[in-house]
Amino acid sequence: MSPTPIDAQAASAQERPTPSVDLVNPLMGTDSDYTLSYGNTYPAVAVPWGMNFWTPVTGKTGSGWGYTYDANKINGIKQTHQPSPWMNDYAALSLMATTGLLKVKEDERASWFSHKAEESHPYSYKVYLADYDVSAEVAPTERAAQFRFTFPQADDAHIILDGYAGGSKVSIDPTRRRITGYVRNNHGGVPNNFHNYFVAEFDHDFAVSRTWDDTGQAAALLTREGDHVGAVVSFKTRKGEAVNVKVASSFISHDQAERNLRAEIGDDDFDRTKAKAKAIWQREFDRIQVKDPNFDNRRVFYSALYRMLQFPRMFHEVDAQHHTVHYSPYDGKVHAGVLYTDNGFWDTWRAVFPFFALMYPERDGEIMQGLVNTYLESGWLPEWASPGHRDVMIGSNSANLIADAYLNGVRSFDVETLYQALVKNATTSQGRPVDKGGKVISAVGREGVEHYNRLGYVPYDVGINESAARTLEYATADFSLSRLAAALGKTEDAKLFAARAQNYRKLYDARSGWMRGRNQDGSWSTPFNPYRWGDAFTEGNALHYSWSVMQDVRGLADLMGGDEAFVRRLDSIFVTPPIFDDSYYGETIHEIREMQIVDMGQYAHGNQPIQHMPYLYDWAGAPWKTQYHVREIMRKLYSATPDGYPGDEDNGQTSAWYVFSALGFYPVTPAVGQYAIGSPLFREVRLTMPGGKTLTIQAQNNSPENIYIQSARFNGKVHDQPWLSREMLQGGGILSYTMGPRPNPAWGSAKAAAPYSTSPG
């Protein structure tokens, strides 16, 4: 009997592989709260690096936890710019569809929903609002979006636009079927003239138009302005009737918002906008094609890649003359050129930016030019921007990502200006920007740099918190700065900063075997508890931060007694019970709890300072231990589920660790163009490198049991070094591993084969 057309269609569908964009689970990491993070993510409906994201809202106004998986009600779909719940949101506004008696307050209008009636993709989101029998959908562009609300038969169907508290204005134009206005809500990092101007254009006439005031009282007024105002437009609908809304915004002006709407959506219908967004994501994912029978691992990989390509977000727009311009969150003026924001370099310098340098050098160069503009407009480089300077975290990590970009061949930016900015960071703490309360933003520049340059460390007893962590991070930044100086022909500067890169040695306590805080007079800070979180360290303890010598792993191993002692010390992290002292914080912060509960000893993968540490075995003749631990971390701590991350995802960094590690290598040392080899997760990956060359990574016999490298070849030649160079990878070819169930201690273990260190091997 011949197959029916339906049978043939079903068979064809089974043969077609799932597009990689549809392997992504944007809900990965959303089962989080203040006390415990499994990612602290939200389902971002966006295009890569887009200026605006959109997300469903289950939380209250002002909460950083706007969407949490365990919630059962949704009160809107909002435009968001939130990089982290700890930074919170800015320039947010939301749309919500209801029927029946009008309710505008978020807790009153909220509708029950189920994840069973929720469809979440990078390029679209759809949810059934059960209380109103309404389906709500959104699809994004870079600066705009389309909504489709499908209503039941109703005489009183409503679409509510909420401007949120913090300053807002709405104006309804029934003739043009539009709502325009602005929102000003933020949590810092903005000038006094900050506005997000918006335009919302509907495809239906309004039966009723109302606005509501700060108290939530609606009236037939077409314009409102206040702290927290909103608009409501109402319709009579047939069953299944869809009301479409096109929304765009601008940080520059209402006219620019209109321009963004016309340029990015124009006459496109909802399905066209959705298809375009899907194609944009698929184009990026097609650059890394994974062939492997493990469906779950492929889902994690592409879900992680989706997170990596979101931040930093573009903050620039295209004006009427087709010039790229941006509103500056630093000086409040409109300037020519690009700008990117919403990024914490303490997290992302480690793997996100090295990934951009390797795979997206043009984009990386544009981001670097955005840093030039930040420096010209504020006098300083950002370390945590959202959208302007924010007083969060420590370090001088802009040096690492700038030097890493330039040393890895990224160009098309004003490197001399950035070098000048980095030298300023390394020279003075005077004249740094202040917040609206007049407080110095200490996260900008280097807090305590005068002490550091005089003593070689930031003292514990001068009132500067987390002093040991600052010292270690400044030393790594000085290494990067020395590499950049040398590349630019600044020989004397290179010598100076290379010497300072050895300052990590001044915090190593040979008696305890750990890094620790030091006083001005050279004495050690006391009492010393290596399990104490915070204090001299940042969101970690001595066992975590003692490995923060990415520039000189060989030198650190020698300090710890040589390779065998170094390996034993590395081993101890995974077997020492997860005891902790949280007295510095006065509570058990979520990072501590995330270490405690996963049964991996003191290893705290949920936070960044120790994420590179499993790769350090490559420097000590034991790469098979790196292979074991990175595969165990990927297996145990990641899944494409709402509890899928081991801690905060952090602007792509915790995802970038997985993406690099699944490919089989990781960028430990900045500005040298080397990647320490781990254990490739997939049987085959094909990467389209910049310039169009193809790199194929093959892992013969790969399986959950066969995690150890037995041998390796690159383009047919034996490769027995536990690292790869950027030139090799970007040059393309075939990297082939043979995997097995038991370690091969001979592979990659020769001392001369170790990756780069400033100290000789």
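In this predicted model, helix 6 (345-348) and helix 17 (590-596) each contribute at least two residues to the lining of the largest pocket. That pocket holds about 600 Å³ of space, and of the 32 residues that line the largest pocket, the closest to its centre are V392, M393, T538, E539 and E591. Sorted by class, the lining of the largest pocket comprises 12 nonpolar, 10 polar and 10 charged residues.

From the open pocket the reader can turn to the enclosed spaces. Rolling a probe the size of a water molecule over the atoms shows where empty space is left. The structure contains 10 cavities of 30 Å³ or more, and the largest cavity has a volume of about 150 Å³. Sixteen is the number of residues that line this largest cavity, and those closest to its centre are N40, T41, P83, F311 and E649. In the lining of the largest cavity, four residues are nonpolar, eight are polar and four are charged.

One of these lining residues, N40, also deserves attention for its backbone. The phi angle of N40 is near 50°, which is a positive value in a residue other than glycine. As for its place along the chain, N40 belongs to the loop between helix 1 (5-15) and strand 1 (53-57).

Two further backbone features involve proline. The peptide bond that leads from S386 to P387 is cis, and its omega is near -15°; P387 itself is found in the loop between strand 26 (384-385) and helix 9. The peptide bond from T526 to P527 is also cis, with omega near -5°, and P527 is placed in the loop between strand 28 (514-515) and helix 14 (542-545).

Helix 9, which follows the loop that holds P387, leads on to the packing of helices. Helix 8 and helix 9 (residues 398-407) pack at an angle of about 135°, and their axes are 11 Å apart. Because angles over 145 degrees would count as roughly antiparallel and those from 65 to 115 as roughly perpendicular, this angle makes helix 8 oblique to helix 9. The crossing of these two helices is left-handed, and the contact is made by D364, M368 and L371 of helix 8 together with L401, I402 and A405 of helix 9. By class, the contact of helix 8 with helix 9 consists of five nonpolar residues and one charged residue, with no polar ones.

Helix 8 (residues 361-378) also packs with helix 10 (residues 415-425), here at an angle of about 55° and with the axes 9 Å apart. This angle, too, makes helix 8 oblique to helix 10, and helix 8 passes helix 10 in a left-handed crossing. On the side of helix 8, the residues M368, L371, V372, Y375 and L376 take part, and they meet T417, L418, Q420, A421 and K424 in helix 10. Seven nonpolar, two polar and one charged residues make up the contact of helix 8 with helix 10. Taking the two contacts of helix 8 side by side, M368 and L371 appear in the one with helix 9 and again in the one with helix 10.

Technical notes
Residues are numbered from 1 along each chain as its sequence is written. This is a predicted model: local features need pLDDT of at least 70, side-chain atom pairs count only at pLDDT 80 or more; totals for chains, interfaces and linings use all residues. Side-chain values use heavy atoms; hydrogens and water are left out. Axes are lines fitted to C-alpha atoms, for helices over the stretch in contact, and angles run from 0 to 180 degrees between N-to-C directions. Helices (H or I, at least four residues) and strands (E, at least two) are DSSP runs, numbered from the N terminus. Angles under 35 degrees count as roughly parallel, over 145 as roughly antiparallel, 65 to 115 as roughly perpendicular and the rest as oblique. A crossing is left-handed if the near helix is turned anticlockwise from the far one by less than a right angle, and right-handed if clockwise. Contact means heavy atoms within 4.5 Å. Ala, Val, Leu, Ile, Met, Phe, Trp, Tyr, Cys and Pro count as nonpolar, Asp, Glu, Lys and Arg as charged, and the others, Gly among them, as polar. On a 1 Å grid over the protein atoms alone, a cavity is a set of points where a 1.4 Å probe fits but cannot get out, and a pocket is an open set with protein on both sides within 12 Å along at least five of seven lines; lining residues have an atom within 4 Å of a point. Grid points are joined across faces, edges and corners, and a volume is the space filled by probe spheres set on the points.
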